[in-house]
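Colleague: I'd like a close look at one part of this model, side chains and all. Please start with one strand and then work outwards to whatever helps to fill in the picture.

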Amino acid sequence: LPPYGSRKRAFRLRFIGGFIVLKRFWKHIFLDIPIRAKMCYIFLVLLIVPMLGFSVYVTNRIQRTMREQTFVAAEKTFEETLLSLSAHTKRMYDVADILVNDPLLHNISNPDYPTSVPDYYTMSNTFKQLQTLGGVTNIMLYSKCPYFSYHIDQIKDTLWYQTVSQRNGKHWFAPVELTGMPEDGGNHFIYLRPVYSIGNYTEPNAILRIDMDREVFAQTLRQTAVTPNSQMLLLLPEQVILSSGEDTQLLNPEQIAHLPADTGSTWQRMTLGSFDYYIWSTVVQPGGWTLATLIPVSDISIPRNQMILEMLCITILLVVAAYWLALYLAGSVLKRINQLTTAMKMLQTGDAAIQVENAEEDEVGQLVQCFNLMASQIDTLMDEKVQYGQDIKNLELQALQAQINPHFLYNTLD
């Protein structure tokens, strides 16, 4: 490497050379062009470029603000919906918990207990009261009691019974999950609670069933749209249970399987089919279902694009209006300058009587006034000079006439 001093001088020379080239370029591009072109360049640099830059900044800012506001509204709606769904499931759980802790239910469920008709009516009245107070749709008991309509032996071969009877087995079922249920489970969310004998937890004596109409859950999901095409879905791993919209076939099982069960506290962007979505999801406890909000990216980008188009049209109109105003003002100034230039050329040819009309008091008007005064003074001086020459010629003629006077001749000859 060359010494530090040489590199520093080389850098300084390159900097000075670049500055000189830039200065010449500036002089060639800006200083040596007509005034009209200069004014257009000034208009372009000082008005159009900043306005376009400001429009881009405002557009990006509006886009971020719209997205943030949409997300905030969607998160608030999501939390309210989640609380409502949790409240529904809690009511079902509380009703079942009250009944399971009722000694009469355990007695009726015990096959060795001599159940009587009064016990049956007492339990039935308890079911009806809790059904009304708890806000559930139906309460049923599968047992070996002959007074109840549903005997537990009718359901022992079903898959859901085997699942419920297992220790820590699944107790919550969506309408689309139950098959082989004596009463139609396709229109209800169901909570099943096994009832065991005290000290014997190998096989339940009865199954307590609490139903909640799916319309109650569906009503909670309705009116949750924060954008025209957004949807809130209650999902199983590969199936849609409920949707806030009419399109329950929005996603196929493969797409549902790729949805995150819990996105935490962030929105995730995913491509499902041919559309992009912002997704926010969590698990609804204790049912284990997934509650998800899907907001199409187009629902946010389309209003943004419309706003961009409106701003662009307004910007273009302002630019065109300002440009024509600038041309009008430049034409007003340049017209007087051109008149002044023409008058100067006529003054060069000797026409000192030329005068430029002027009614303005700006800098160009003052320049025109100075030129008119100068031309008037030149014209006056030229007239004085002509008059002075004529006077000299008259005096010379008078002197010549005096020389040829007879008296003068006589004296000369004498």
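Modeller: First, some vocabulary: helices and strands here are DSSP runs, with H or I over at least four residues for a helix and E over at least two for a strand, and both are numbered from the N terminus. Bear in mind that this is a predicted model, where local features need pLDDT of at least 70 and side-chain atom pairs count only at pLDDT 80 or more, while totals for chains, interfaces and linings use all residues. Numbering runs from 1 along each chain as its sequence is written, and side-chain values use heavy atoms, leaving out hydrogens and water.

The strand I'd pick is E4, residues 206-213, and the residue to watch there is Arg209. Its relative accessible area is 0%, so Arg209 is buried (buried means under 20%, exposed over 50%, partly exposed in between, with a 1.4 Å probe and protein chains only). Its side chain has company, though. One partner is Tyr142, whose side chain makes a polar contact of 2.9 Å with that of Arg209; such a contact is a pair of N or O atoms within 3.5 Å, where within protein one must be able to donate a hydrogen and the other to accept it, and residues adjacent in sequence count only if both atoms are side-chain atoms. Another partner is Asp211, and here the pair also forms a salt bridge, the closest N and O atoms being 2.8 Å apart (a side-chain nitrogen of Lys or Arg within 4 Å of a carboxyl oxygen of Asp or Glu). Asp211 is buried as well, at 1% relative accessibility.

For contrast, go to helix H2. Asp94 and Lys90 lie there four residues apart, about one turn of the helix, and their side chains meet in a salt bridge of 2.9 Å, N to O. An α-helix has 3.6 residues a turn, so residues three or four places apart point the same way. Lys90 counts as exposed at 52%, and Asp94 is partly exposed at 30%. A further bridge joins Asp276 and Arg269 at 3.4 Å, N to O, with Asp276 partly exposed at 30%. The structure holds five salt bridges.

Now the nonpolar packing. The largest nonpolar core has 45 residues, and Leu99, Ile139, Leu208, Ile210, Leu234 and Trp289 have the most contacts inside it; a core is a set of buried Ala, Val, Leu, Ile, Met, Phe, Trp, Tyr and Cys residues joined through side-chain atoms within 4.5 Å. Helix H2 (residues 35-100) gives the largest share, ten residues. Leaving aside residues up to four places away in sequence, Leu99 touches several residues, including Ile139, Leu208, Ile210 and Phe127, where contact means heavy atoms within 4.5 Å.

Further along comes helix H6, residues 214-221, with Phe217, Ala218, Thr220 and Leu221 buried. They cover an arc of only 155° around the axis, which puts them on the same side of H6; the arc is taken from the directions from the helix axis to the C-beta atoms. Asp213 caps the N-terminal end, with a side-chain oxygen 3.1 Å from the backbone nitrogen of Glu215. After H6 comes Gln223, with a positive phi near 60°.

One last stop is strand E6 (residues 239-243), where Ser243 lies. Ser243 is buried at 11%, and its side chain makes a polar contact of 2.4 Å with that of Gln231.
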